[in-house]
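Okay, thanks for squeezing me in. Let me put the structure up, and then I'll walk you through a few spots in it.

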Amino acid sequence: MTKLEQLIKELCPNGVEYKKLGEVATISRGGSFQKKDFCEDGVPCIHYGQIYTRYGLFADKTLTFISEDAAKKQKYAVKNDIVMAVTSENIDDVCKCVAWLGDDEIAVSGHTAIIHHTLNPKYLCYYFHTAMFYAQKKKLAHGTKVIEVTPDKLTDITIPVPPIEVQAEIVKILDEYTESVTALQQELEAELTARKKQYEYYRDLLLDFGGSRQTDAVHGGATSECEWRTLGEIFDIRNGYTPSKSNADYWENGTVPWFRMDDIRENGRILSDAIQHITDEGVKKSGAFPASSLIMSTTATIGEHALIKTDFVCNQQITCFSLKNEHKNDMDIKFVFYLFFAFGEWCKNNVNKGGGLPIINTAKLATYKIPVPPIEAQERIVSILDRFDKLCNDFSEGLPAEIEARRKQYEYYRDKLLSFEERKNA
């Protein structure tokens, strides 16, 4: 019998009492300061937006401060209080919280609930991340664009309240398990980083042609000729566009893929379909861009690129590079795809400086020179880099799967530890 099982058997053999949060806590709203009120030193504070992105479950030091003048009219959390963000853009994040374990009082911004309670703070914070709590908050949440759970409504949340000794043992178990999962994740991510650096090193080495001639390991050490041509010589270069959003005929039931940066962020650099589509009527008279073209972001997020395997269109932040007919037999598009990693860095360093979004114009893109070794050399380099890429991606794809499996295992274990048979009143 584990220590936890023994404690439960001794201290709550007939089940655990469930109480309303309002019975074990007082809940108040946060203050009114904003991010613009942050300063280098002063009164420690937590802004609700930081709870989503910068804090874990527990904290004993704040990341930011506000001045004493700004703090005079604020609301404060004290040691062991739970600070909960009560507005969010989605149901998953609303009610995300952090247990404040520091000795100092801290100012708390608006869009929060300050929960002052009589329980183990870690126990309560762990419970606020369970599926049981999620089911309850979902019923209390309201709104569309902004999801909110009114602090007053939180008093109706039902929570299990085992003896404090049981709470402490559950916290000890979950702390140890959390630490082991975090250590494994850091280990896997370090391994992935090392593999990526190794891959990038060999990619850059294989694609470093230097001058017009090189001693090419791909050719067994033989010296090979290598021409240099501008992108304007090799490619038809055109900017993308966005059909009128007000014309439903361009967007409803569309079949032509319309690519944006979101496609690269979410689905990678070799793409056969887009998240959004337009109809044939939405395509300009100049036509869709042909399959086996490269796209690159040339404004906003400059330098990100992808290889598109289907006929398509793309938005105006993207420039398309399609091989000219006379170069379709002497250029391997995948070879150029690999060269575009260096080209992307060049683009970032050659933006037009001025007002508005950073941008690099099409005329400047056309002047960039790339090495053009014989097609056989291009194909050999692509073959090598594809193998490296697969080894790296296989591990990269396995990493999220491993982390996700561990996360689900942890969540299952946590929820099981925080589920109790309810004590029935006689």
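Let's start at Met84. Setting aside anything up to four places away in sequence, Met84 touches Ile51, Cys95, Lys96, Cys97, His111, Thr112, Ala113, Ile115, Phe128, Phe133 and Leu154. Before I go on, a reminder that what you're looking at is a predicted model.

So where does Met84 sit in the bigger picture? It is among the residues with the most contacts inside the largest nonpolar core, which has 42 residues. Leu21, Ile115, Phe128, Leu154, Ile159 and Ile170 are on that list too. Which helix gives the most to this core? That's α7, residues 164-206, with 7 residues. There is also a second, separate core of 33 residues, and that one includes Met331, Ile333, Leu339 and Val382. As a general point, nonpolar side chains tend to be buried together in soluble globular proteins.

Okay, strands around there. β12 runs over residues 112-117, and 5 of its 6 residues are buried. β2, residues 25-29, pairs with β12 in the antiparallel sense over 5 bridges, and Ile27 has Ile115 as its bridge partner. β8, residues 82-85, is antiparallel to β12 as well, over 4 bridges; there, Ala85 is matched with Thr112.

Next, the open sheets. One has 5 strands in the order β3-β6-β4-β11-β7, and the pairing is mixed. Why do β3 and β7 each have one side without a neighbour in the sheet? Because these two, at 38-39 and 75-77, stand at the edges and have a single partner strand each. Further in, β4 (residues 43-46) and β11 (residues 106-108) pair in the parallel sense over 2 bridges, with Ile46 bridging to Val108.

Another open sheet has 3 strands, ordered β21-β19-β24, again with mixed pairing. Its edge strands are β21 (276-278) and β24 (313-314), each paired on one side only. β19, residues 256-259, goes antiparallel to β21 over 3 bridges, and Val256 finds its bridge partner in Ile278.

Now a helix I like, α10, residues 333-348. Does its length work out short, or as expected? With 16 residues at 1.5 Å a residue, α10 should span 22 Å, and the end C-alpha atoms are 22 Å apart, so the two agree. Even so, α10 has a kink of about 35 degrees, centred on Phe341. At the start of the helix, a side-chain oxygen of Asp332 comes within 2.9 Å of the backbone nitrogen of Lys334. As for burial, the list for α10 is Ile333, Lys334, Phe335, Val336, Phe337, Tyr338, Leu339, Phe340, Phe343, Gly344 and Cys347. Yes, you heard a lysine in there: Lys334 counts as buried. And two names should ring a bell, since we met Ile333 and Leu339 in that second core.

Last stop, Thr130. You'll find Thr130 in the loop between α5 (121-127) and α6 (131-140). Buried or exposed? At 3% relative accessibility, Thr130 counts as buried, because the cut-off for that is under 20%. Its side chain reaches the backbone oxygen of Tyr127 at 2.7 Å. And what does Thr130 contact, leaving aside neighbours within four places in sequence? Arg414, Asp415 and Leu418.

That's my tour. Happy to rotate the view if anybody wants another look.

Key
Residues are numbered from 1 along each chain as its sequence is written. This is a predicted model: local features need pLDDT of at least 70, side-chain atom pairs count only at pLDDT 80 or more; totals for chains, interfaces and linings use all residues. Side-chain values use heavy atoms; hydrogens and water are left out. Two strands pair if DSSP finds at least two bridges between them. A nonpolar core is a set of buried Ala, Val, Leu, Ile, Met, Phe, Trp, Tyr and Cys residues joined through side-chain atoms within 4.5 Å. Buried means under 20% relative accessible area, exposed over 50%, partly exposed in between (1.4 Å probe, protein chains only). Contact means heavy atoms within 4.5 Å. The expected span of a helix is 1.5 Å times one less than its number of residues. The bend at a residue is the angle between axes fitted to the seven residues ending there and the seven starting there. A polar contact is a pair of N or O atoms within 3.5 Å; within protein, one must be able to donate a hydrogen and the other to accept it, and residues adjacent in sequence count only if both atoms are side-chain atoms.
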